[in-house]
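Colleague: I would like to go through this model with you, starting at the ligand and ending at a few buried positions. Please keep to what the coordinates give.

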Amino acid sequence: MNALIIDDSRAMRRILKQIVTGLGFDVLEAGNGQEGLDVLFASDDIGLVLVDWNMPEMNGLEFVEAVRAKPEFERLALVMVTTESEPARMARALMAGVDEFVMKPFTPDILVEKLNLIGVKACVAS
Amino acid sequence: MPLTVTDIDFVRDLVVKQSGNILRTGQSDLIESRLAPIAKNAGLANVEQLIAELKRSRSPRLSDQVAQAVTVNETSFFRDVHPFNALRSRIIPDIMKENAARRDLKIWCAASSSGQEPYTLAMVIREHFPTLSDWNVRILATDISEKMLDKCRSGQYSQLEVNRGLPARNLVRFFDRSGSVWTTKQELQNLIDFQKLNLTTAWPLTTQFDVIFIRNVLIYFDQKTKAEILSRALRLLRPNGYLFIGSAETVIGLGLPLEREEIDGTICYRHANR
Ligand SMILES: C[S@@+](CC[C@H](N)C(=O)[O-])C[C@H]1O[C@@H](n2cnc3c(N)ncnc32)[C@H](O)[C@@H]1O
């Protein structure tokens with residue numbers, strides 16, 4: 001199964017990639033929300049999206065709104081990995097359909113625990 | 001200068017006497033770093049002097065401080081998650097039927113560390129059981145460590161702590177943020193009483209509880225102490241109550257009148273022959 005990582009920082013994408021690869025996912029990457037949508041719509045095996053909030057062109061919240069507007073992505077696991085920690089803004093993202101939040105900075109364990117929380121299991125690497 | 005073997009053995013004996021905790025070998029660095037602040041506070045030059053002072057005076061206050069300082073306090077919100085699912089799906093609804101006439105729910109969290117466990121219990125209650133708002137719901141959180149209890153009472157957690165295991169919807173609903181400090185809301189704090197309690201000495205408790213959590217603390221005791229603590233806990237467990245221990249802990253070989261029950265992916269224990 002694929003995981004899509006959307007972050008405008010290449011360093012952050014690399015960190016996240018290492019963690020989810022360890023869980024057995026193959027990784028696709030995008031540098032902003034719009035690119036993320038393009039990758040998502042072109043692929044049919046994405047089971048998990050990790051998305052940053054603040055990015056150029058299309059931010060993470062707009063990405064989440066666009067994804068949840070489509071019924072076929074109603075159940076896609078969407079996790080925001082962000083420096084955003086304002087409760088009111090987090091609440092808004094949850095309303096928009098984000099499943100979980102990981103606040104930066106974080107450790108690999110924290111991300112894995114959050115994924116467990118929403119029922120994302122490690123895939124057996126093929 | 002590193003502590004001598006004799007010094008370390010002395011501390012180990014003292015800790016077993018005070019709190020029942022068995023320190024693993026190879027923990028001399030931990031002993032040294034945890035005891036250094038106590039030495040300093042007592043106006044002593046270093047940990048060797050603190051140990052010399054303890055040998056000489058046997059001061060109960062210092063001994064207690066030493067025992068508190070070397071405890072392992074590792075914990076997190078929704079640790080192991082399944083026990084909390086079981087409470088939500090089956091246990092609390094059952095207790096609510098059982099206690100409908102007296103309208104009370106009593107939970108004891110017997111090694112609450114920095115408070116993540118009792119606050120998790122409070123969140124489960126407040127989030128899923130609005131009808132309990134006019135019940136007498138009390139969560140008793142106890143620990144041997146004053147420092148941990150102070151942290152429990154403050155309800156303050158770092159960003160790293162709230163990042164661990166706590167669902168974002170709970171964070172947003174039950175915490176206030178100020179900079180990078182997150183504080184539990186009054187509606188959670190109001191449910192919890194905090195009290196210092198050493199599991200290996202007499203317990204000043206008379207209440208009976210519907211649910212008792214003694215998780216991830218039995219591993220630090222020997223079999224005899226473990227059996228004794230659990231059998232005392234059973235006397236405080238209501239006839240239809242539920243007892244939880246840590247997911248890596250076992251009651252096998254303790255010969256206790258317990259019945260094992262699996263609920264929602266977690267094991268809990270109840271009085272045998274209820
Ligand atoms: C590893 S923490 C477990 C916290 C929580 N129950 C959990 O499962 O996450 C162990 C706690 O037990 C406490 N403890 C150790 N010995 C104790 C004793 N004799 N009486 C009461 N508490 C004790 C320690 O202070 C520490 O906070």
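The questions below concern a predicted model.

Colleague: Which residues come nearest to the ligand?

Modeller: The shell around the ligand has 22 residues. By class, eight of them are nonpolar, nine polar and five charged. Those that come nearest are B:Thr75, B:Arg79, B:Ala111, B:Asp143 and B:Asn216.

Colleague: Which residue places a backbone N or O atom 2.8 Å from a nitrogen atom of the ligand?

Modeller: Two side chains can be set aside. B:Asn21 has a polar side-chain atom 2.9 Å from a ligand nitrogen, and an N or O atom in the side chain of B:Asn198 is 3.0 Å from a nitrogen atom of the ligand. The backbone atom at 2.8 Å belongs to B:Leu199.

Colleague: What percentage of the ligand's exposed area does the protein bury?

Modeller: The reference is the ligand taken alone, which exposes 600 Å². Of that area, the protein buries 99%.

Colleague: Which helix gives the largest share of the largest nonpolar core?

Modeller: This core has 70 residues, and A:Phe63, B:Ile91 and B:Phe175 touch the most other members. Seven of the core residues come from one helix, the largest share. That helix is α5 (residues 82–98) of chain B.

Colleague: How many residues are in the second, separate core?

Modeller: Among its members are B:Ala110, B:Leu205, B:Val217 and B:Leu243. The size of this second core is 28 residues.

Colleague: Is B:Leu132 buried or exposed?

Modeller: B:Leu132 sits in the loop between α6 (116–128) and β2 (136–143) of chain B. Beyond four places in sequence, its contacts are B:Ile92, B:Met96, B:Leu105, B:Ile125, B:Arg126 and B:Val137. Because its relative accessibility is 0% and the cut-off is under 20%, B:Leu132 counts as buried.

Colleague: What is the separation of the C-alpha atoms of B:Leu132 and B:Met96?

Modeller: These two residues are 36 residues apart along the chain. They are also in contact. Their C-alpha atoms are separated by 8.5 Å.

Colleague: Which residue's backbone nitrogen lies 3.0 Å from a polar side-chain atom of A:Glu100?

Modeller: A:Glu100 is in strand β5 (residues 100–103) of chain A and is buried, with a relative accessible area of 3%. Its side chain makes a polar contact with the side chain of A:Lys114 (3.0 Å). Among the chain B residues that A:Glu100 touches are B:Leu166 and B:Pro167. The backbone nitrogen in question is that of B:Ala168.

Note on methods:
Residues are numbered from 1 along each chain as its sequence is written. Chains are lettered from A and ligands numbered from 1 in the order in which they are written. This is a predicted model: local features need pLDDT of at least 70, side-chain atom pairs count only at pLDDT 80 or more; totals for chains, interfaces and linings use all residues. Side-chain values use heavy atoms; hydrogens and water are left out. A residue is near a molecule or strand if one of its heavy atoms lies within 4 Å of it. A polar contact is a pair of N or O atoms within 3.5 Å; within protein, one must be able to donate a hydrogen and the other to accept it, and residues adjacent in sequence count only if both atoms are side-chain atoms. Accessible areas come from the Shrake-Rupley method with a 1.4 Å probe; for residues, only the protein chains shown count as cover. Ala, Val, Leu, Ile, Met, Phe, Trp, Tyr, Cys and Pro count as nonpolar, Asp, Glu, Lys and Arg as charged, and the others, Gly among them, as polar. A nonpolar core is a set of buried Ala, Val, Leu, Ile, Met, Phe, Trp, Tyr and Cys residues joined through side-chain atoms within 4.5 Å. Buried means under 20% relative accessible area, exposed over 50%, partly exposed in between (1.4 Å probe, protein chains only). Helices (H or I, at least four residues) and strands (E, at least two) are DSSP runs, numbered from the N terminus. Contact means heavy atoms within 4.5 Å.
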